[in-house]
Amino acid sequence: MSFSTKLSLAMVLLIVWACGFSTEKRRPKRIEDTQEKREVKRVSEADIINRTRKLGDSITKQAASVFMSKISQQYAEGGYKAAAKFCSMQAYPLTDSLANEYKVFLKRVSNKNRNPKNIPSVIEKQVLEAYEYSVKQGDDIAANVQFIRPGDTILYNNPIKIPSELCLNCHGSSSQISKEVQAILKQEYPNDKAIGYKVGDLRGMWSLKFLKKEIVQGL
Ligand code: HEC
């Protein structure tokens, strides 16, 4: 073997060794990288609950103000007869857009419901009863967030109190609800229980169901 052949063989070996060596060196780094990424994605239950609470608070605040302004506007235009159908979730495209944006299922429930669709589920009933109990004790009530079985769904609830006299035109005593509105309510909701309220009373609650994976993705 000539000197130059030996030299080129040595070079080739050196290159092969150098490449192999550098691959070996890079491998542990790559593993570290993925571990770091995994650690970033690992979120605690408290993070999920907090994010759900924030989203729920902003969605219900937005929805409540849309309800209020729409009912007032309809009342100004055609009285409570015209406004009656605007106290329904179905009347708002808002529900659809929120559902698409946050994959959230939004409704209102009450133990004294007007629409039979707004009867609370077993788990919602427990939350409502806890709110009712706290109100009787004179305690403050706030939003409640919990995982529900099988753990891939999160339930957000927020109490709805009667904020103003406006509501009593359709949820107050029979002397506060006009004969015209009473007739509509009787016809549309024959099993109506949603009357006899005063300002400040607990009327029911917002009930939002979030998918855990959507919340985690947004973190
Ligand atoms: C113009 C009449 C009218 C006014 C004013 C009104 N509501 Fe209603 N409310 C209704 C009707 C009608 C329903 C049933 C809607 C449905 O079919 O889902 C309802 C349903 C509800 C529900 C769902 C639970 C249930 O009983 O079915 C809540 C909660 C509620 N109203 C709260 C309020 C609050 C709070 C106010 C004041 C901001 C208010 N409403 C003002 C007519 C009214």
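This passage walks through the fold, the sheet, the nonpolar cores and the ligand shell of the structure above.

The model is a predicted one. Its protein chain holds seven helices and four strands, and from the N terminus these elements follow the order α-α-α-β-α-β-β-α-α-β-α. Of the chain's 219 residues, 19% count as buried. Contacts also reach well along the sequence: among those in the protein chain that link residues at least 6 apart, 69% join residues at least 24 apart.

The four strands come together in an open sheet, ordered 1-4-3-2 and paired antiparallel. Strand 1 (104–109) and strand 2 (144–148) sit at the edges with a single partner strand each, so one side of each has no neighbour in the sheet. On average, and ignoring direction, neighbouring strands here are turned by 20° against each other.

Next come the pairings made by strand 4. Strand 4 (residues 202–211) is joined to strand 1 by six bridges, and the two run antiparallel. Within this pairing, lysine 107 has serine 207 of strand 4 as its bridge partner, while valine 109 is bridged to methionine 205 of strand 4. Nine bridges link strand 4 to strand 3, again with the two strands running antiparallel. There, threonine 153 stands opposite leucine 211 of strand 4. Strand 4 is also mostly covered, with seven of its ten residues buried.

Two helices pack on this sheet. Helix 2 (residues 45–83) packs on it and touches strand 1, strand 2, strand 3 (153–161) and strand 4; the direction of helix 2 makes about 40° with that of strand 3. Helix 4 (residues 122–137) likewise packs on the sheet, touching strand 1, strand 2, strand 3 and strand 4, and its direction makes about 140° with that of strand 4.

What does the nonpolar interior look like? The largest nonpolar core has 20 residues, of which Val104, Ile154, Tyr156, Met205, Leu208 and Phe210 touch the most other members. At least two residues of this core come from each of helix 2, strand 1, helix 4, strand 3 and strand 4. Strand 4 gives the most, with five residues. Leaving aside residues up to four places away in sequence, isoleucine 154 touches Ile48, Thr52, Val145, Phe147, Phe210, Lys212 and Ile215. There is also a second, separate core of seven residues, including Phe67, Ala83, Ala84 and Cys170.

Isoleucine 160 is worth a look of its own. This residue lies in strand 3 and counts as buried because it has 20 C-beta neighbours inside 10 Å. Not counting residues up to four places away in sequence, isoleucine 160 touches Arg108, Arg203, Gly204, Met205 and Trp206. The C-alpha atoms of isoleucine 160 and arginine 203 are separated by 5.6 Å, although the two residues are 43 apart along the chain.

Lysine 103 is another residue to pick out. It is found in the loop between helix 3 (93–102) and strand 1, and its phi is near 50°, a positive value in a residue other than glycine. Lysine 103 has 14 C-beta neighbours inside 10 Å, so it counts as partly exposed.

That leaves the ligand. It has 25 residues around it, and Cys87, Arg114, Asn115, Cys167 and Cys170 come nearest. Helix 2, helix 5 (168–171) and strand 4 are the elements that give two or more residues to this shell. The largest share, four residues, comes from helix 2. Sorted by class, the shell around the ligand contains 14 nonpolar, eight polar and three charged residues. Cys170, one of the nearest residues to the ligand, also belongs to the second core of seven residues. Helix 2 likewise turns up in several places: it packs on the sheet, supplies at least two residues of the largest core and gives the largest share of the ligand shell.

Key
Residues numbered from 1 in each chain as written. Predicted model: local features only at pLDDT ≥ 70, side-chain atom pairs only at ≥ 80, totals over all residues. Pairing = 2+ DSSP bridges. Axes fitted to C-alpha atoms, helices over the stretch in contact; angles between N-to-C directions. Contact = placed C-beta atoms within 7 Å. Near = placed C-beta within 6 Å. Nonpolar A, V, L, I, M, F, W, Y, C, P; charged D, E, K, R; others polar. Buried ≥ 20, exposed ≤ 12 C-beta atoms within 10 Å, placed from the backbone. Core = buried A, V, L, I, M, F, W, Y, C linked by C-beta atoms within 7 Å.
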